[in-house]
Amino acid sequence: MKMTRRMMSRLGQWSSYAFAVEFDTKSDPIYFSLNAKKSKEVQQVFKNVDANERCYSLHVYSDDNFQRARFFGGLKNKLLKELPSECKVAEMSAFQPNVRDSVMRGYFLKDTTKSSVTERLLGELLRNDPVYVCSYLCGEDSGWTQHLWSHTEDGRVEASETYYVEPAEKPEHHPSTLNIINSDVFYSFDDAYKVLKQCRDIIPESKDVLDLVDQRLESKEETAFPVIVIEGLDATGKTTLTESLKEALGATLLRSPPQCLSPWRARFDAEPPVIRRAFYALGNYLTAGQISHEARRAPVIVDRYWHSTAAYAIATAVGGKVRNLPQAGSKVYVWPGDLLMPSLVLLLQLNPQERVRRLQVRGQDKTTEEEELEANSLFRQKVEETFQRIQGPACITVDASPSADQVLRQVLLLIRDKCHL
Ligand SMILES: Nc1ncnc2c1ncn2[C@@H]1O[C@H](COP(=O)(O)OP(=O)(O)O)[C@@H](O)[C@H]1O
Ligand SMILES: Nc1ccn([C@H]2C[C@H](O)[C@@H](COP(=O)(O)OP(=O)(O)O)O2)c(=O)n1
């Protein structure tokens, strides 16, 4: 049997990995670990899986962040398209508990069919792609074993290692929080720039974005006039308020991502998180240059900035409930050292019902929007919580439910108080 050197080095550590299967996004994942020996007391790990169901897992292992992200992004679609429709696919991670960057994302498959399609597809993936494949069997004593697959030189697939599956403690850090830095959120210009540079061959639009970024205005730490950022979820009233503030303060209004990136936004929104988030991160540096330039002459109001970039990225990356977010004070919430800091950040907050009403007034379909709101209620809570955990410039929450005039008055008072305008 021939294995690549990379695989050998990984396999040596395989038993040190823990695993998390997300059968249901609203509850905690099922955590398990591996043991080379059978323990005396057998514990049933997959309570929701029938003993006669066939189960498999696959994990993407490439060390290249960018290659891993693109492959993982397409993998679910491939599985859903090519596996028998009865096959259930759940998100899964292999990780070293509480170790940064140790997560290998993947999927857990429950197959009630006895068709050979699943194993054939997994065999092909094992041969051609950077994935680990395992199958799972339930013994007569209800204990599960995991069988790690490998392929021989002549192309056959075999289960080469067997481990006993044991329930594991919930780790201190949810596995989805371990790879956030430089995969979901960037903390320097260079780290974000590197990602788009890597994409140039595959996403030609990256070159246009990098050209614009190369020509960005210089941003200075100190500004003559205050810089006020308005943040909040969609439809909380940012556009309405920022336009009124512009009038009331004789200010310049800017937004992030800046207008000049609009032609490429949809293109990057369709890419996996690492690329999409690098695009928005660079947008902030473009906006920073504009802020620095404009704040020499007048106060500057900014519609969304780094709080949005970080909060949406973290809320999307972190699975399940709000309590899975990295703890307050974690490094992931720290403002990038090389990004111009605003004088004040105001966060518009609105109850979900009023937000839906405003979305409807703006012309969004009621039923779709309500469904979306329900499905995304956890997501919204995580965005709002993350907004408030970000450290750096002062972030003050503003109740956005009164009339537009009242919100404006309240915000002007705050600005006068904090920025002495
Ligand atoms: N304070 C307010 N009271 C009632 N409706 C508002 C208020 N502020 C904004 N709106 C309305 O709510 C909708 C969303 O506001 P908008 O400013 O576009 O939000 P955002 O820019 O945050 O997405 C718009 O139709 C707007 O006219
Ligand atoms: N500075 C910014 C602005 C937006 N984003 C991202 C975060 C979300 O994925 C979307 C939110 O954009 P959305 O279209 O809802 O925003 P508007 O309603 O246009 O203000 O953009 C960002 O990452 N960084």
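The buried residues of helix 4 pack against helix 2 (65-82), helix 5 (205-214) and helix 8. This report describes a predicted model, beginning with that helix and moving on to the core and the backbone.

**Helix 4**

Helix 4 covers residues 189-198, and its buried members are Phe189, Ala192, Val195 and Leu196. When the helix is viewed down its axis, these buried residues fall within an arc of 135°, so they line one face of helix 4. Asp190 and Lys197, by contrast, are exposed on the other side of the helix.

**The nonpolar core**

Which residues touch the most other members of the largest nonpolar core? They are Val133, Ala278, Leu282, Ile314 and Leu346, within a core of 108 residues. Helix 8, made of residues 273-294, gives the most to this core, contributing eleven residues. Both domain 1 (5-177) and domain 2 (189-419) supply residues to the core, and therefore it lies between them.

Isoleucine 314 offers a detailed view of the contacts made by one of these core residues. With its neighbours within four places in sequence left aside, isoleucine 314 is in contact with Ile180, Asp184 and Val185, and also with Leu325, Val332 and Thr386.

**Positive phi angles**

Two residues have a positive phi angle although neither is a glycine: alanine 235 and histidine 420. Their surroundings are set out below.

| Residue | Phi | C-beta neighbours inside 10 Å | State |
|---|---|---|---|
| Alanine 235 | about 70° | 22 | buried |
| Histidine 420 | about 55° | 8 | exposed |

Alanine 235 is found in the loop between strand 9 (227-232) and helix 6 (238-249). Why does alanine 235 count as buried? A residue is buried if 20 or more other C-beta atoms lie within 10 Å of its own, and alanine 235 counts as buried because it has 22 such neighbours.

Histidine 420 has its place in the segment after helix 13 (404-419). The cut-off for an exposed residue is 12 or fewer neighbours; histidine 420 has 8 C-beta neighbours inside 10 Å, so it counts as exposed.

**A cis peptide bond**

The backbone also has a notable bond between serine 256 and proline 257: this peptide bond is cis, with omega near -5°. Where is proline 257 placed? Proline 257 lies in the loop that runs between strand 10 (252-255) and helix 7 (262-269).

Key. Residues are numbered from 1 along each chain as its sequence is written. Chains are lettered from A and ligands numbered from 1 in the order in which they are written. This is a predicted model: local features need pLDDT of at least 70, side-chain atom pairs count only at pLDDT 80 or more; totals for chains, interfaces and linings use all residues. Helices (H or I, at least four residues) and strands (E, at least two) are DSSP runs, numbered from the N terminus. A nonpolar core is a set of buried Ala, Val, Leu, Ile, Met, Phe, Trp, Tyr and Cys residues joined through C-beta atoms within 7 Å. Domain bounds come from an automatic or database domain assignment. Two residues are in contact if their C-beta atoms, placed from the backbone, lie within 7 Å. The arc is that of the directions from the helix axis to the C-beta atoms.
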